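User: I'm a first-year student, and I would like a close look at a single part of this model. Could you walk me through how its strands fit together, and point out how far to trust what I see?

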Amino acid sequence: MRKLIMTAAAAAFLASGGAAFAAVKHTTGTVKSFDGTAMSLVLDDGSTFTLSKAFKDPGIQTGEKVRVSWDMSGKNKVAEAVKIVK
């Protein structure tokens, strides 16, 4: 019985980790506007992101190409990380 419980728990743990990982999306584009005070980022294609409270600014400037890692929170796209692409 104990072996069955441990196997089920391990399967549930692995399944939940995969689901959480798959939820993060990535978008690449050029910065149209960035406001660190308002915690917002807009790309040239119109994609708008709210920046998470844990966001660390890598030195984003208008016109730079970036890769945004984001997830949905309600109707908002929340950027967890933004990386400048060379």
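Analyst:
**How the strands pair**

Let's begin with one pair of residues: Thr30 has Lys65 in strand 4 as its bridge partner. Before going further, please note that this is a predicted model, in which local features need pLDDT of at least 70 and side-chain atom pairs count only at pLDDT 80 or more, while totals for chains, interfaces and linings use all residues. Residues are numbered from 1 along each chain as its sequence is written, and side-chain values use heavy atoms, with hydrogens and water left out.

Some vocabulary will help. Helices (H or I, at least four residues) and strands (E, at least two) are DSSP runs, numbered from the N terminus. Two strands pair if DSSP finds at least two bridges between them. In general, strands of a sheet pair through backbone hydrogen bonds, either parallel or antiparallel.

Now back to the strands that we started with. Strand 1 and strand 4 run antiparallel and are joined by six bridges. On strand 2, Leu41 is the bridge partner of Phe34, and Val42 stands opposite Ser33. These pairs belong to the antiparallel pairing of strand 1 (residues 25-35) with strand 2 (residues 40-43), which has four bridges. The two strands form a hairpin with four residues between them, and in its turn Met39 has a positive phi of about 55 degrees.

Strand 4, which covers residues 65-73, also pairs with strand 5, in the antiparallel sense and over eight bridges. Here Arg67 stands opposite Lys83. Strand 4 and strand 5 form a hairpin too, with two residues between them, and Gly74 in that turn has a positive phi of about 70 degrees.

Strand 5 (residues 76-84) has a parallel pairing as well, over two bridges, with strand 3 (residues 48-51). Ala79 of strand 5 is the bridge partner of Leu51.

What does this add up to? The five strands close into a barrel in the order 1-2-3-5-4, with mixed pairing. From one strand to the next, the twist averages 55 degrees (axes are lines fitted to C-alpha atoms, for helices over the stretch in contact, and angles run from 0 to 180 degrees between N-to-C directions).

It is worth zooming in on Ser69, which lies in strand 4. Ser69 counts as buried because its relative accessible area is 15%; buried means under 20%, exposed over 50%, and partly exposed in between, with a 1.4 Å probe and protein chains only. Its side chain makes a polar contact with the side chain of His26, at 3.0 Å. A polar contact is a pair of N or O atoms within 3.5 Å; within protein, one must be able to donate a hydrogen and the other to accept it, and residues adjacent in sequence count only if both atoms are side-chain atoms. Beyond its neighbours within four places in sequence, Ser69 is in contact (heavy atoms within 4.5 Å) with residues including Val24, Val78 and Ala81.

Finally, how far can you trust it? Along the sequence, the chain reads α-β-β-β-β-β, and its average pLDDT (the predictor's confidence in each residue, from 0 to 100) is 83, with 74% of the residues scoring at least 70. Among the elements, strand 2 has the highest mean, 97, and helix 1 (residues 2-23) the lowest, 53. Where pLDDT is low, the predicted coordinates should not be read in detail.
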